[in-house]
Amino acid sequence: MKISTKGRYGLTIMMELASKFGEGPTSLKSIAEKHQLSEHYLEQLIAPLRNAGLVKSIRGAYGGYVLSRQPEDITSGDIIRVLEGPISPVDFTDEDDPAKRDLWIRIKNSIAEVLDSTTLADLITYQDEGKNENYMFYI
């Protein structure tokens, strides 16, 4: 499973909103400038997040977007599913070998467990303690 720019940039938007939670609305322009991303592209990504009830828009000169819930109550799985669709490493059918089907289901469940147990609060308070040795995983 590969997360596209939609999922990655959507997570960036949500992490920025989480880091400013309680401080008022944040503009997409400020997020785009900070991360050197296209504001137009971020506008396309914010719509499904708003429609899913993850963010609220605030109109006006000092408007922008705010999280609709606490950062502890929004998981990365919520965001990825909205922007990427269902989490599944492969499209499998009932015709697949049962052993392979079980493998695909276990992989899907493992990915979902990591995404669903990681909140925006976890992401914005993350401290790298040198645990990762620059592993590259291809699924």
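**Note on the helix packing and selected residues of the model**

1. Helices α1 and α2 are roughly perpendicular to each other. In this predicted model, the axes of the two helices cross at roughly 110° and come within 11 Å. An angle from 65 to 115 degrees counts as roughly perpendicular, which is why the pair is described in this way. The crossing in which α1 passes α2 is right-handed.

2. The overall layout may be set out next. The protein has six helices and two strands, and their order along the sequence is α-α-α-β-β-α-α-α. The chain has 139 residues, of which 29% count as buried. If contacts are taken between residues at least 6 apart in sequence, 64% of them join residues at least 24 apart.

3. Helix α1 covers residues 5-19, a run of 15 residues. From its first C-alpha to its last it reaches 21 Å, which is close to the 21 Å expected at 1.5 Å a residue. At the start of α1, Ser-4 places a side-chain oxygen within 3.2 Å of the backbone nitrogen of Lys-6.

4. Which residues of α1 are buried? They are Gly-7, Gly-10, Leu-11, Ile-13, Met-14, Glu-16, Leu-17 and Ala-18. An α-helix has 3.6 residues a turn, so residues three or four places apart point the same way. The cover over the buried residues of α1 includes the helices α2 (28-35), α3 (39-51), α4 (76-84) and α6 (120-124), together with the strands β1 (55-58) and β2 (64-67).

5. The contact between α1 and α2 can be given residue by residue. On the side of α1 it involves Thr-12, Ile-13, Glu-16 and Leu-17, which meet Leu-28, Ile-31, Lys-34 and His-35 of α2. Ile-13, Glu-16 and Leu-17 also appear among the buried residues of α1.

6. Helix α2 also packs against α3. Their axes come within 9 Å and cross at roughly 125°. That angle makes α2 oblique to α3. α2 passes α3 in a right-handed crossing. The contact is formed by Leu-28, Lys-29, Ile-31 and Ala-32 from α2, and by Glu-39, Leu-42, Glu-43 and Ile-46 from α3. Of these, Leu-28 and Ile-31 are also named in the contact of α2 with α1.

7. Gln-36 deserves a check of its backbone. It is found in the loop between α2 and α3. Its phi is near 55°, which is a positive value in a residue other than glycine. Is Gln-36 buried or exposed? The relative accessibility of Gln-36 is 73%, so this residue counts as exposed.

8. Gly-7 lies in helix α1. With a relative accessibility of 1%, Gly-7 counts as buried, because buried means under 20%. When neighbours within four places in sequence are left aside, Gly-7 is in contact with Ile-80, Leu-83 and Glu-84. Helix α4 (76-84) is among the elements that cover the buried residues of α1. The C-alpha atoms of Gly-7 and Ser-76 are separated by 9.4 Å, although the two residues are 69 residues apart along the chain.

9. Ser-76 lies in helix α4. Its relative accessibility is 4%, and Ser-76 therefore counts as buried. What does a polar atom of the side chain of Ser-76 lie 2.8 Å from? The partner is the backbone oxygen of Leu-115. Residues up to four places away in sequence not being counted, Ser-76 touches Leu-11, Leu-115, Thr-118 and Leu-123. One of these, Leu-11, is a buried residue of α1.

10. Ser-68 lies in the loop between β2 and α4. Its relative accessible area is 23%, so Ser-68 is partly exposed. Apart from its neighbours within four places in sequence, Ser-68 is in contact with Gly-53, Leu-54, Val-55 and Lys-56. Ser-68 and Leu-54 are 14 residues apart in sequence, and their C-alpha atoms are 5.3 Å apart in space. A polar atom of the side chain of Ser-68 lies 2.3 Å from the backbone oxygen of Gly-53.

Methods
Residues numbered from 1 in each chain as written. Predicted model: local features only at pLDDT ≥ 70, side-chain atom pairs only at ≥ 80, totals over all residues. Heavy atoms only, no water. Helix = DSSP H or I, 4+ residues; strand = E, 2+ residues; numbered from the N terminus. Expected span 1.5 Å × (residues − 1). Buried < 20%, exposed > 50% of the residue type's maximum accessible area, 1.4 Å probe, protein only. Contact = heavy atoms within 4.5 Å. Polar contact = N/O pair within 3.5 Å; in protein donor to acceptor, adjacent residues only side chain to side chain. Axes fitted to C-alpha atoms, helices over the stretch in contact; angles between N-to-C directions. Parallel < 35°, antiparallel > 145°, perpendicular 65-115°, else oblique. Left-handed = near helix turned anticlockwise from the far one by under 90°.
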